[in-house]
Amino acid sequence: MEKHSQALIISAALLLHCLISCRARTASPHSAERKGTWKLLLNNTGVVGVHMVLTHWNTVILFDRSGSGQSGYQLRHRFNGTRCKGTRDDLSDSTCYAHSVEYSISNNSVRHLNLMSDTFSSSGSILSDGRIVQSGGFGDASRRIHYIGPCKSGDSCDWSVDKKHLSENRWYASSQILPANDRIIVVGGRGSFTYEFVPKMSTNEKAFHLPFLQQTNDGNEGGNEGGNNLYPIVHLSSDGNLFIFANRDSILFNYKQNKVVKKFPRIPGLGSRSYPSTGSSVILPLDHKDGFQKVEVMICGGATTGANAAAQQGNFLTGLSSCGRMVITGNKNQWKMENMPGPRLMHDIVLLPTGHVLIINGAKRGCAGWNNAATPALEPYLYNPKKTLGRRFSVLKSTKIARMYDSSAILVPDGSVLVAGSNPNNQYTYKNVSHPTELRLQAFVPDYMGREYSHQRPHNVSIHTNGKEGIAYGNEFLVRFLLGSKPSKYMAFIAYAPPFTTHSLSMNQRMLRLRCTRIISDAKGWWNATVEAPPSANVAPTGFYLLSVVNDGIPSISEWVKFIQAAST
């Protein structure tokens, strides 16, 4: 009887401990004073990583465009089966070179893919079944829609072209996955002040006019590169509306009714944030503590007024150092400004499992486009949104490889960030230019991946769905992991939607701090956590997410989980 009472007391204590750790604030005491490391993965990916996307089969798709001529991956046979001659004639034949590859994270190798369209400066998203949808591009690709996947391990799946086409040319357009019906909205593009939807339900679907895109067009200010409102920033708010930002202005848009719900204040300061001025943006992590209803957008960097015209004359003006944060929900929508450690444009913004923001790649002067920028931004910045103003930024370890125009960066399951691309030149050019075409693939390895944190890191994470395809919105599911100590009161369960990344836009990137209701100790260091799925597709569109268990600021290797609509009864 006494042993039984002791067991009850121990169980109650463990349950109390877990309830505290699940419900406590998720800010981490782990600091990033150490600056991370760089690792060279491949000397030659074959193609420039202009566009890059992580798949849920743990590969990465990279592609550039057929119009760039001979890539770094020469083919023995064309995709139609005919043999390349192996002579000088091949040098002018783009079909004898790959323009897309699939990178295997586990094997650290690439295989070529068949993408023979000029997909330069296109957009994309990921459907709920894992298929990647690529939309638009230049020339022959401007109205094409390409798909790849879903692929299983060991499959040699490849790109395919949809028989249905886009309604308008989409070059420098943006894509966002929508909450309902597994559809994607494609917004803008050069000369296209409209939006439309993919996949196409019929061949006669039309585009819808969006006056906001005309109102934000600077005309000649962007020079040959466009009116400083290309690649508009598009984020899905938790109320189902879209935040759309172009140039310096932004709106909340109801795409179902083709109606502007709200016009937000102009972001303070001169200059522009949209292509070719090319700042970058992110939604800060959504949190269960406020019901995922507080949506805060952050936009950083860009080019100063007149940067494009000056660049045409070989004068590269210093970029913008400022960042703006604004809560787009509620009625108090005001930009709160702060400065990065230095000027930056053409950079990528990546959300880390810790909830911190990594700002990486880019340049310090000029604007986007071929040979339009100078002074590579070699040092990543780390931003902690929870710290007080003036203490949020830190400077991380510098790279030796310039990542300028047409570079990209994405988070992968182990917590590192893959960095690829950079080609400020019209063609693949390796000599006699300021910044040669870059084919090397790197990983930036944040400090939290260090071996010294192994005892704090949750290991062997598994997600239990009771044999179902995925977790229905609002339902609980079990996360099991191994930990050498008791879970910290700072433990968090993080879901991350991987983006389609190009031209400093991480389209569809999204992070959520999920609610944990209890953690129960198991044998020999194993723990079982009960976690609650997001409440709706407005908060987390249906599809695959990386789930990380973050203990005291140290994330586990992520595992894939799928959030789905509950089956109708």
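Entry 1. I take a residue as buried when its relative accessible area is under 20%. The model I consulted is a predicted one. I looked up Cys300 first by that cut-off: its relative accessible area is 0%, so I recorded Cys300 as buried.

Entry 2. I then looked for the partner of Cys300 and found a disulfide to Cys323, with the sulfur atoms 2.1 Å apart. This link is right-handed, with 115 degrees about the S-S bond. It connects distant parts of the chain, from Cys300 in strand E20 to Cys323 in strand E21, 23 residues apart. Cys323 is buried as well, at a relative accessible area of 1%.

Entry 3. I counted two disulfides in the structure. Besides the link of Cys300 and Cys323, I noted that Cys84 is joined to Cys96, S to S 2.1 Å. The S-S torsion of Cys84 and Cys96 is about -110 degrees, and the disulfide is therefore left-handed. I found Cys84 and Cys96 in the loop between strands E3 and E4, 12 residues apart. Cys84 is buried at 5% relative accessibility, and Cys96 is buried at 0%.

Entry 4. I asked why Cys367 forms no bond with the closest cysteine sulfur. That sulfur, in Cys300, lies 19 Å from the sulfur of Cys367, which is too far for a bond. Cys367 counts as buried, at 1% relative accessibility.

Entry 5. I turned to strand E10, residues 174-177, and found both faces covered: Ser174 and Gln176 are buried on one side, Ser175 and Ile177 on the other. E10 runs antiparallel to strand E11, and four bridges join them. Ser175 stands opposite Val186 of E11. Six residues lie between the strands of this hairpin, and Asn181 takes a positive phi near 65 degrees there.

Conventions: Residues are numbered from 1 along each chain as its sequence is written. This is a predicted model: local features need pLDDT of at least 70, side-chain atom pairs count only at pLDDT 80 or more; totals for chains, interfaces and linings use all residues. Side-chain values use heavy atoms; hydrogens and water are left out. Buried means under 20% relative accessible area, exposed over 50%, partly exposed in between (1.4 Å probe, protein chains only). Helices (H or I, at least four residues) and strands (E, at least two) are DSSP runs, numbered from the N terminus. Two strands pair if DSSP finds at least two bridges between them. A disulfide is a pair of cysteine sulfur atoms within 2.5 Å.
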